[in-house]
Amino acid sequence: MARDWTIGPRARGALRYLAALGMVAVSTVVAEVIYRVFHTDRLSMVFLAGVLVAAVTLGPGPAYFAAAVAFLVYDIYLVEPRFVFTMTSAEDFLVLFVFLAVAVLTGGLAGRLREAQRRAETRARTSGALFRASEEFSASGHEDAVRQALAHRIAETGREAVVFEDGRWWSAPTGIEPPERLVRAALDPAAQIAPSEIDRWRLRPLRADGQELGLAAWRSTGRLQADDDERLVDVLVDMAAAAIARSRLSGARAEMQARERTEQLRHALLSSISHDLRTPLAAILASASSLREFGDRFDAAVRDDLTLTIQEEAERLNLFVGNLLNMTKLESGALSIEPVTFGMGEVVGRVVQRLGKRAGDRELVAQAGGDELAALGDPILAEQALANVVENAVRFSPNGARIEVCARRTDNGQVVVEVWDEGPGVPDADLAMIFDKFYRSPATAAGQQGTGLGLSITRGLVEAMGGTASARPRPDGRTGLVVALSFPGGRP
């Protein structure tokens, strides 16, 4: 077992007196040299200097001891007749009085100065420790981190520290195992009420705003000065308790805000979904009821138009319901894909043909190759992903605009489909977020219905097939957006 060589208060006090004796010894040697060289016994100033140094450096007690020893040495060793103690003259009494007066005055003054210096250093050290602790507690984002920081800060004051909470503990220095009795006491509700002491461990509860936040325990390691201030540790405990309470309040506030945002999103989603569901249903019901009641009065062109409306709106409704189902599968991880090789040109053609009926006055153009654009993935999901992008482009492009759907193979074998529109575009700051769920750019959301799910589902479907989705402004300087979907290439 390693020995503890720490010097205690008594040993330090004895060393101070030995140092005072050493200073007198040095004065004696110097006086002896001067006596032999100059043959004079007027050497009281040499001893006075030794007493003065002892008073300044060692304090009042050692200074008084040095004055008495210096007087005895001076009187016995250097005053004629030598080696005989005499106090018969007024000069002897004057020397003794001066030695003691210098020791008292200088020692008292030096003591007060050292005490003032010690208090100033203690205040500076305490202020610095509290400032660093405050910064660390404030920067700790979790209450467990605050408890660990508290244990380390208490340990920095020369103590062993353990912080308890719900059967767990954090200790410093690392590796300290609290005694069983201390662990049992930490689980006792009575210990959470008032400070106490167990086996030289001081216990203090962490409490703030009426909450029981744990228990701090510490004990001296023997390295402390007798005048070290325990109040520093008490203040650290109070600061940690306040930081833990603040962390809990922040967590509760964040949870409330998250619930509020979730509720807002839920209302917005239900509102948007109800609108997107009612719109095609209303068109289907109106067309179907018109055919049923007045079908025999309509000419063939009107009946065909109503039938086409039913078909288009049913396809639109099917696409919307499919998006919702795919989003549910993507979030739950239940979407499984068995990749096959398919022609991207065929997918582009089907999307353009299907959505071209809803483009109105907008020109929807496809530019895709044939068999050389073989991609690897699920053709049905790829068609749905691309349809979401093209439908967005149709929705936000003005009448008369040109929408291009281009497919090409890159040098690294990827198949890329790009949708170029002439809509208002998206600010650069929003480009990274347009694929997020429920996100709608403020620059394009005004006056447009939607849930903000289309592009999010597109990215999820494309990434599930091993591809990527991205967006950028048009490079030709015109307003609009280019959305690119990249798929792994397959063999033709």
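**Exercise 1. Locate Pro173 and describe the peptide bond that leads into Pro173 from Ala172.**

Solution. Start with the place: Pro173 sits in the loop between β2 (168–172) and α6 (180–187). Keep in mind that this is a predicted model. Next, look at the bond itself: from Ala172 to Pro173 the peptide bond is cis, with omega near -5°. As background, most peptide bonds are trans.

**Exercise 2. Decide whether Arg153 is buried or exposed, and list its contacts beyond four places in sequence.**

Solution. First find the residue: Arg153 belongs to helix α5 (residues 143–155). Then take its relative accessible area, which is 13%. Buried means under 20%, so Arg153 is buried. Finally, with neighbours within four places in sequence set aside, Arg153 contacts Arg132, Ala133, Glu136 and Leu236.

**Exercise 3. Classify the packing of α9 and α10, then sort the residues of their contact.**

Solution. Begin with the geometry: helix α9 (residues 344–356) and helix α10 (residues 379–396) pack at about 45°, and their axes are 9 Å apart. That angle makes α9 oblique to α10. The crossing of the two is right-handed. Now turn to the residues: α9 contributes Val347, Val348, Arg350, Val351, Arg354 and Leu355, while α10 contributes Pro379, Ala382, Glu383, Leu386, Ala387, Val390 and Glu391. Sorted by type, the contact has 9 nonpolar, no polar and 4 charged residues.

**Exercise 4. Do the same for α10 and α12.**

Solution. Here the angle is about 150°, with the axes 9 Å apart. Angles over 145 degrees count as roughly antiparallel, and α10 and α12 are therefore roughly antiparallel to each other. Their crossing is left-handed. On the α10 side you will find Leu381, Gln384, Ala385, Asn388, Val389 and Asn392; they meet Gly454, Leu455, Ile457, Thr458, Leu461 and Val462 in α12. This contact divides into 7 nonpolar, 5 polar and no charged residues.

**Exercise 5. Find which element gives the most residues to the largest nonpolar core, and follow Leu386 through its contacts.**

Solution. The largest nonpolar core has 40 residues, and those with the most contacts inside it are Met344, Leu386, Val390, Val405 and Phe487. At least two residues each come from α9, α10, β9 (402–409), β10 (415–420), α12 (454–464), β11 (468–473) and β12 (481–487). The top contributor is α10, with 9 residues. As for Leu386, it touches Val347, Val348, Val351, Val405, Val417, Val419 and Leu485, leaving out residues up to four places away in sequence. Another core lies apart from this one, with 26 residues, including Ala149, Trp218, Ala240 and Ala245.

How values were computed. Residues numbered from 1 in each chain as written. Predicted model: local features only at pLDDT ≥ 70, side-chain atom pairs only at ≥ 80, totals over all residues. Heavy atoms only, no water. Axes fitted to C-alpha atoms, helices over the stretch in contact; angles between N-to-C directions. Helix = DSSP H or I, 4+ residues; strand = E, 2+ residues; numbered from the N terminus. Parallel < 35°, antiparallel > 145°, perpendicular 65-115°, else oblique. Left-handed = near helix turned anticlockwise from the far one by under 90°. Contact = heavy atoms within 4.5 Å. Nonpolar A, V, L, I, M, F, W, Y, C, P; charged D, E, K, R; others polar. Core = buried A, V, L, I, M, F, W, Y, C linked by side-chain atoms within 4.5 Å. Buried < 20%, exposed > 50% of the residue type's maximum accessible area, 1.4 Å probe, protein only.
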